[in-house]
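Open the model in your viewer and keep the sequence panel in sight. This tour goes stop by stop, saying what to select and what is there.

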Amino acid sequence: MMKSITISTLIFLLMGTTAFAQPKVVKVRTSRELIKAIASDTHIMMEPGLYNLSKVQGTNTDFISWGDTYDGDEPTIQEVKNLTITGKLGTEILIQPAYAWVLKFIGGSNIKLENIVFGHTEPGYCTGGVLAFTGARDVEVRNCVLFGSGTEGIALENVGNFRFTQSVIKECTYDLLTISESFDVVFEQATFMNTGEYDLVQIFNSNNIKFNACTFRENFNGEYLPHFFTVDQNSGKVTLQYCTFFDNQVEKFANFPNRLTLVDNIFEGNTFGNPQNK
């Protein structure tokens with residue numbers, strides 16, 4: 001009997017809490033159901049359709065609060081862990097305020113968004129964007145489209161181990177993305193297109209940022225903040241490999257080109273020429 005108890009106890013200790021860590025699967029069909037389902041240790045399965053979060057603004061939970069912006073409220077998801085939100089073909093998450101983020105995450109870890117289109121009902125200026133993450137760890141965005149709304153597609157601040165895979169950022173009004181105080185960030189097989197006005201990719205005080213097999217096409221800006229990539233002196237190991245740059249009407253490739261490592265990229269039809277030949 002003692003031997004049996006000891007073995008059982010050992011098995012339990014080896015397993016730890018994994019037997020209890022299986023995520024709860026929740027299927028949702030409406031915006032309210034989606035908001036209510038967001039929680040730790042949860043896999044949300046979204047049925048196809050348009051989920052306008054502004055129609056349920058003010059619906060607070062243990063993980064979601066709403067903050068006022070210039071023209072409406074935006075949802076903030078706080079300290080959620082082990083959350084996956086999966087959509088089917090034709091799934092869109094939208095928000096009405098042009099100055100709001102569609103979704104903003106503060107803290108949390110092991111967050112995955114997949115097979116979803118994110119955007120605004122109207123484009124915005126000055127502030128707001130599509131997805132923002134602050135203080136989060138282990139985040140993946142896969143097979144998603146972040147479209148034509150707000151000032152930029154993604155903002156990362158103090159984020160570690162972030163992956164943006166086989167996804168699209170397009171038609172934003174100011175820039176593509178901003179990365180600050182973050183590390184181990186990977187964009188892979190992603191497309192960045194039809195976005196412009198200012199510096200398009202901004203990297204501040206961050207390390208180990210990689211763009212692998214990405215496509216950048218038909219982006220644009222002018223003489224004011226004219227760079228495709230802006231990298232400050234506190235950032236290190238920013239790599240672009242096997243990427244393609246097509247038909248970008250951008251004044252300059254980078255503020256300091258020597259801060260970027262370029263490996264076997266293709267440049268065609270860009271106003272800034274081919275930086276690999278310089």
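Two strands count as paired if DSSP finds at least two bridges between them. Keep that rule in mind for the strand stops below. Note also that this is a predicted model.

**The whole chain**

Start with everything shown as a cartoon. The protein has two helices and 30 strands. Colour by burial next. Of the 278 residues in the protein, 50% are buried. Now think about contacts with a separation of 6 or more. Residues 24 or more positions apart account for 60% of those contacts.

**Stop 1: three strands through Phe118**

Select residues 91–95, which form strand 7, and residues 117–120, which form strand 10. These two strands run parallel and are joined by four bridges. Which residue of strand 10 stands opposite Ile93? Phe118 does.

Add residues 145–147, which are strand 13. Strand 13 pairs with strand 10, also in the parallel sense, over two bridges. Stay on Phe118 and look towards strand 13. Its bridge partner there is Leu146. Two bridges meet the minimum of the rule, so strand 10 and strand 13 count as a pair.

As you look along any of them, a general point helps. In a regular strand, the side chains alternate between the two faces of the sheet.

**Stop 2: the cavity**

Return to Ile93. This residue also helps to line the largest cavity. How many cavities of 30 Å³ or more does a search of the whole structure find? The search finds one. The volume of the largest cavity is about 30 Å³.

Select the rest of its lining: Leu34, Ile35, Ile38, Leu53, Ile85 and Leu103. Colour the lining by class. Seven residues are nonpolar, and none are polar or charged.

**Stop 3: Ile179**

Move to strand 17, residues 177–180, and pick Ile179. Is Ile179 buried or exposed? Its relative accessible area is 0%, so Ile179 is buried.

Show what Ile179 touches beyond four places in sequence. The list is Leu156, Val185, Phe187, Gln202, Ile203, Phe204, Ser206 and Ile209. Then measure across to Phe133 in your viewer. The two C-alpha atoms of Ile179 and Phe133 are 9.9 Å apart, with their positions 46 residues apart in sequence.

**Stop 4: Asn248**

Go to the loop between strand 27 (244–246) and strand 28 (252–254), where Asn248 lies. Asn248 counts as buried because its relative accessibility is 0%.

Show the side chains of Asn248 and Asn270. A polar contact of 2.9 Å joins them. Widen the selection to other contacts of Asn248, leaving aside neighbours within four places in sequence. Among them are Phe216, Arg217, Glu218, Asn219 and Phe228. Gly269, Thr271 and Phe272 are also in contact with Asn248.

**Stop 5: Asn255**

Follow the chain to the loop between strand 28 and strand 29 (260–263), and select Asn255. At 23% relative accessibility, Asn255 counts as partly exposed. The cut-off for buried is under 20%, so Asn255 falls outside that class.

Which backbone nitrogen does the side chain of Asn255 reach? It reaches that of Val231, at 3.1 Å. Beyond four places in sequence, Asn255 is in contact with His227, Phe229, Thr230 and Val231. Finish with Pro226. Asn255 and Pro226 are 29 residues apart in sequence, and their C-alpha atoms are 8.7 Å apart.

Conventions: Residues are numbered from 1 along each chain as its sequence is written. This is a predicted model: local features need pLDDT of at least 70, side-chain atom pairs count only at pLDDT 80 or more; totals for chains, interfaces and linings use all residues. Side-chain values use heavy atoms; hydrogens and water are left out. Buried means under 20% relative accessible area, exposed over 50%, partly exposed in between (1.4 Å probe, protein chains only). A polar contact is a pair of N or O atoms within 3.5 Å; within protein, one must be able to donate a hydrogen and the other to accept it, and residues adjacent in sequence count only if both atoms are side-chain atoms. Contact means heavy atoms within 4.5 Å. On a 1 Å grid over the protein atoms alone, a cavity is a set of points where a 1.4 Å probe fits but cannot get out, and a pocket is an open set with protein on both sides within 12 Å along at least five of seven lines; lining residues have an atom within 4 Å of a point. Grid points are joined across faces, edges and corners, and a volume is the space filled by probe spheres set on the points. Ala, Val, Leu, Ile, Met, Phe, Trp, Tyr, Cys and Pro count as nonpolar, Asp, Glu, Lys and Arg as charged, and the others, Gly among them, as polar.
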